[in-house]
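Hi,

Here is the structure I promised to pass on. Have a look at it first, and my notes follow below.

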Amino acid sequence: MLPIDISEHGYLVDRVIKFSVGGGVIIGIVSFAILFYILWRFRRSKNPTPLSDVPPLLKKVVYIDFVMIIFDLILLFVSTYAWFIFFIRPVEKIKKEVVDKGEKFVEVKVIGRQFFWTFEYPGKDGKFGTPDDFTLGNVLVVPENHYVFVKLTAADVIHSLFIPNVRVKYDAIPGKETHLWFKPTKSGKYEIACAEICGEMHYRMKAYLVVLSEEDYKKWIENAPYEVSVLKDFEEKIAKK
Amino acid sequence: MEETKVLDRVEYEEYESIPVSFRKFGFWIFLSGEIVILGGIVASGILFRLSYPEWFANSEHTNFIISSINTLVLLTGSLTAVLAHKYATFHDWNKVQLFLGLTALCGFTFVGIKFIEYSIEIHHGFIPTRNVFWMFYFGITGLHGLHVLAGTLIIIGVMIYLRKKKVIEAVENAGLYWHFVDIVWLYIFPLFYLT
Amino acid sequence: MSQVASVVGHHLESGEHEMSFIRKYIFSTDHKTIGKQYLLTGVVMAIFGGALAIFFRINLANPGFLTDSQYNAFVTYHGAIMFFWVAMPILLGGFGNMLIPLMIGARDMAFPTLNMISFWTFFLSSVVLVISFFVPGGAFSGGWTVYPPLSADPERFLGANLGTVLFLLALALEFASMLMGGVNFITTSLTLRAKGLSLMRLPIFVWMQVLASLLFMFSVTPLIAGAIMLLLDIILGTHFFRVEAGKVGDPILWQHLFWFFGHPEVYVILFPALGILFEVITTFARRPVFSYKLVVYASIVAGILSFLVWAHHQFVAGINPLSATGFSITTVLISVPFSMTLVAMGLTYAGGSIRFTPAMLFATFAFAMFIIGGLTGLPLGAVASDIYFHDTYFVVGHFHYTVFTIAVLSTIAGVYHWFPKMFGRRINDTFGKIHAWLTLIFYNGFAFPAFFLGMAGHPRRYATALEFGFLQKYQWIHELMTISSILLLATQIIFLIVFFYSIFAGKEETEPNPWKSTTLEWLAPSPPPHLNWGAFTPVVERGPYEYASNGKDVDFIPQGRLVKIEHMQKA
């Protein structure tokens with residue numbers, strides 16, 4: 001049911017999802033089984049006189065509380081670790097670690113608007129505020145296997161940038177700059193949705209995440225945004241699959 | 001009109017209760033809610049004052065003299081409210097009405113003076129949307145002023161109620177409300193006027 | 001107190017006098033009448049709110065049925081109505097008013113006139129809300145959570161200035177009414193109990209109503225402050241929450257104020273529902289609550305903790321990630337006192353002699369569905385999984401398994417249970433059982449699939465799923481949910497017809513205690529007269545759930561008995 005995860009770190013989120021949902025299902029089934037047993041065993045036709053005390057075996061059911069506590073603690077542990085990786089570590093620190101590891105990253109500024117997204121790129125030189133910066137509407141182009149650092153804000157009301165296939169989401173708030181990051185590992189075209197009600201066309205504020213292979217990306221960034229053939233070819237390639 | 005004695009235990013019926021009269025308890029429940037509301041807003045005002053240096057430049061333009069007069073008016077109202085309660089315990093209901101009436105008069109005076117004060121400030125261009133300080137100023141003092149007005153109307157309501165039923169606690173509770181409004185003012189006054 | 005006694009004295013001496021129709025049924029100060037008035041208004045609003053849901057669900061199955069802003073407005077009003085104009089008035093105003101004085105042996109609430117004012121304020125708030133839906137410019141359509149800047153500039157963003165202002169005013173009136181009611185509930189429960197009814201002998205129902213009233217009182221007040229600031233933003237153009245170049249506004253502040261209230265609010269409606277469930281379950285399982293003290297203390301702890309979890313609605317909304325971690329810890333841990341209460345509820349059945357009347361069926365279904373609701377809160381409370389699930393249908397599933405269970409299933413259980421007491425008649429048992437099973441099936445039909453949509457990443461408040469490739473393939477789930485919800489509402493409409501029919505022409509029930517229950521309200525005649533006890537007064541001699549305690553011919557001992565007033569000593 002979960003959409004395909006094409007990010008390097010999405011598994012952290014998926015692990016918490018599977019543990020919490022799976023664990024909940026198991027605890028739920030066990031609870032229901034016990035409840036059904038109790039309802040069946042003590043229905044009036046089977047037990048016309050109520051007992052003066054709960055049978056000792058059933059009293060042990062209170063241990064479910066301990067199971068819950070332990071489940072909760074493990075859940076918190078796994079979840080806090082994932083959250084630490086994603087949001088507690090300062091962005092500058094993550095960037096430094098990425099560079100130290102010898103990996104590469106790109107930066108993008110995203111602005112949520114009624115009712116579309118704008119993506120500001122630093123251009124070939126990788127720096128914002130230079131003449132080669134450009135802005136695209138509703139399409140986020142990034143290279144495969146590069147970290148992507150997003151600075152996020154909104155122009156009018158609160159929006160929320162949600163990219164299901166890389167398991168990220170964060171609100172875009174006017175007057176504030178928030179951030180998120182991810183590392184896509186598989187080229188393709190993926191959908192970006194808005195996850196905070198922002199008005200009439202909230203449900204059709206669609207943008208695309210286009211993950212190009214490194215060579216394609218180099219070709220694209222060379223003459224972006226005027227060079228469209230790279231993206232066109234890419235679309236055709238995906239359509240054929 | 002015969003008096004109704006306010007008893008903690010009822011003739012004919014006994015109640016299991018916490019050791020407070022129900023009228024007083026109910027009123028304190030209400031008051032605690034009010035304390036949270038007004039306390040919360042005043043607390044945000046104080047927090048803003050601590051982090052916005054522009055606060056002081058603006059607070060020079062509030063009128064110290066007018067607000068000091070208003071402080072005296074409120075304190076006088078507290079005094080008359082206490083006197084009303086004292087005479088209620090003596091069952092001197094005519095004096096009760098007199099002092100409640102004086103308290104209500106103080107209330108209307110406060111609101112009237114506030115009205116004049118706002119008119120002067122708005123005339124000088126200090127409107128709620130001007131900046132953070134004026135937002136809080138009009139918001140908090142306005143809300144407080146509305147509570148004074150409400151308190152005054154409560155006092156009048158009690159005065160009417162007392163013509164039929166002589167209940168000491170009603171006078172006590174009305175006075176309590178007045179004191180509460182007074183105490184809130186004692187936080188507002190330094191916040192907006194004493195700088 | 002003397003006020004009440006002198007009225008009683010007057011009645012005992014001079015006999016009942018006829019009150020005019022208006023004083024008896026319209027501007028009544030009798031807690032039972034006021035309770036029925038709340039119930040009736042709540043039911044009418046429920047039909048309105050439920051119909052809105054059907055319409056927007058039809059749009060989801062059949063896009064284009066509504067315009068985009070209609071969709072958003074319907075979703076907004078459905079949420080707001082269900083919380084504020086259905087769950088709260090019925091659970092607190094309705095059941096609380098009807099039952100608290102009876103359960104504690106009082107003759108009426110401590111402040112009957114205030115009670116009447118609180119109902120009519122509520123009624124006014126309902127009228128203002130309905131008007132706000134139909135005014136020119138449109139209804140407010142920014143979600144029941146009213147987030148600014150969308151809500152702070154409604155003219156610019158939504159075209160709905162008047163609608164938004166009236167919506168906020170209706171909300172303020174509703175809060176005022178519930179605050180007035182809360183003062184009554186807390187004061188009455190603590191100061192007007194029958195002789196012998198110590199706090200630890202109170203029925204769980206009364207404890208829950210008091211806790212709920214306290215929670216409401218201390219949580220709603222910051223939101224009232226926030227609502228005033230929002231109104232100032234809208235009307236005067238201040239910048240508490242609005243963001244404009246060079247000005248100070250902070251939209252996140254509203255979120256904090258809203259959710260600081262919003263989280264305790266869900267326990268404000270949960271606790272009375274749990275109270276109803278405990279009363280029904282003990283009666284029909286013929287067993288006392290498993291560990292009364294545990295339930296009371298766990299609920300108090302949960303109530304206090306509920307003030308410390310609010311920002312779990314804001315994990316990805318711009319708050320400090322470290323404080324998000326803190327809130328995640330408190331949120332996940334708050335499941336502990338609740339799981340204790342729920343285990344106690346389940347073990348109340350154990351050893352009993354369970355009779356599945358319609359009330360018991362609804363209560364048992366409510367209990368089971370609430371377990372699902374509680375467990376699905378954990379993936380949301382854990383901050384990392386919430387990154388994915390925030391603002392998706394997983395949340396919709398979670399809150400329908402909690403709020404719907406509270407507001408509908410528990411309420412209906414209570415209706416079946418106390419119907420004979422309130423109206424002196426019975427609702428047909430066979431109908432009740434069919435009603436219960438159909439409700440369970442259709443309710444799960446619309447609520448359970450929401451979790452699958454959530455796992456797929458389907459965001460909330462989307463007028464249609466068809467714009468996105470990753471959602472289109474789930475359109476069939478939307479169709480299933482829509483059909484189930486229509487059938488669910490149809491079932492409830494039939495129930496309402498039967499309910500009203502039974503009030504006037506149902507089988508008469510003259511026996512005051514048909515369910516052989518122990519609590520005090522069952523000592524009064526059905527329906528209880530004005531001032532409840534007539535020439536008698538209740539005296540309590542034991543705890544509230546003496547079932548199965550001695551295994552003799554009767555399997556229960558009532559909590560108290562009625563004593564004729566002449567035999568009481570004057571204090």
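Before the charges, a word on counting: Lys and Arg are taken as positive and Asp and Glu as negative, while His and the chain ends are left out. Also bear in mind that this is a predicted model.

On that basis, chain B carries 13 positive and 16 negative side chains. The centres of those two sets sit 6 Å apart.

Staying with chain B, the secondary structure comes to 6 helices and 1 strand. Reading from the N terminus, the order is β-α-α-α-α-α-α, so to speak a strand and then helices. The C-alpha trace of chain B spans about 65 × 35 × 20 Å along its principal axes. Of the 195 residues in chain B, 48% are buried. The chain exposes about 9300 Å², and 70% of that comes from carbon and sulfur atoms. As for contacts within chain B, take those between residues at least 6 apart in sequence: 80% of them join residues at least 24 apart.

How do the chains meet? There are 2 pairs of chains that touch, and the pair with the most contacts is A and C. Chains A and B, on the other hand, have no contact with each other, and their closest C-alpha atoms are 16 Å apart.

Now to chain A, where I spent some time on the strands. There is an open sheet of 5 strands with mixed pairing, in the order β4-β10-β9-β6-β7. Its edges are β4 (139-143) and β7 (168-172) of chain A, each of which pairs on one side only. From one strand to the next, the twist averages 20°.

At the β7 end, β6 (residues 159-163) of chain A runs antiparallel to β7(A), and 5 bridges join the two. If you want a spot to zoom in on, Ile163(A) has Val168(A) in β7(A) as its bridge partner.

Another pairing in chain A is that of β2 (residues 116-121) with β3(A), which is antiparallel over 4 bridges. There, Thr118(A) has Gly137(A) in β3(A) as its bridge partner. In a regular strand, side chains alternate between the two faces of the sheet. Which residues lie on the covered face of β3 (residues 134-137) of chain A, and which on the uncovered one? Phe134(A) and Leu136(A) make up the covered face, whereas Thr135(A) and Gly137(A) are on the uncovered one. Gly137(A) is thus a residue to look at twice, as the bridge partner of Thr118(A) and as part of that uncovered face.

Cheers

Definitions and conventions: Residues numbered from 1 in each chain as written. Chains lettered and ligands numbered in written order. Heavy atoms only, no water. Pairing = 2+ DSSP bridges. Axes fitted to C-alpha atoms, helices over the stretch in contact; angles between N-to-C directions. Contact = heavy atoms within 4.5 Å. Buried < 20%, exposed > 50% of the residue type's maximum accessible area, 1.4 Å probe, protein only. Areas by Shrake-Rupley, 256 points an atom, 1.4 Å probe, with all protein chains shown as cover. Charge placed at Lys NZ, Arg CZ, Asp CG, Glu CD.
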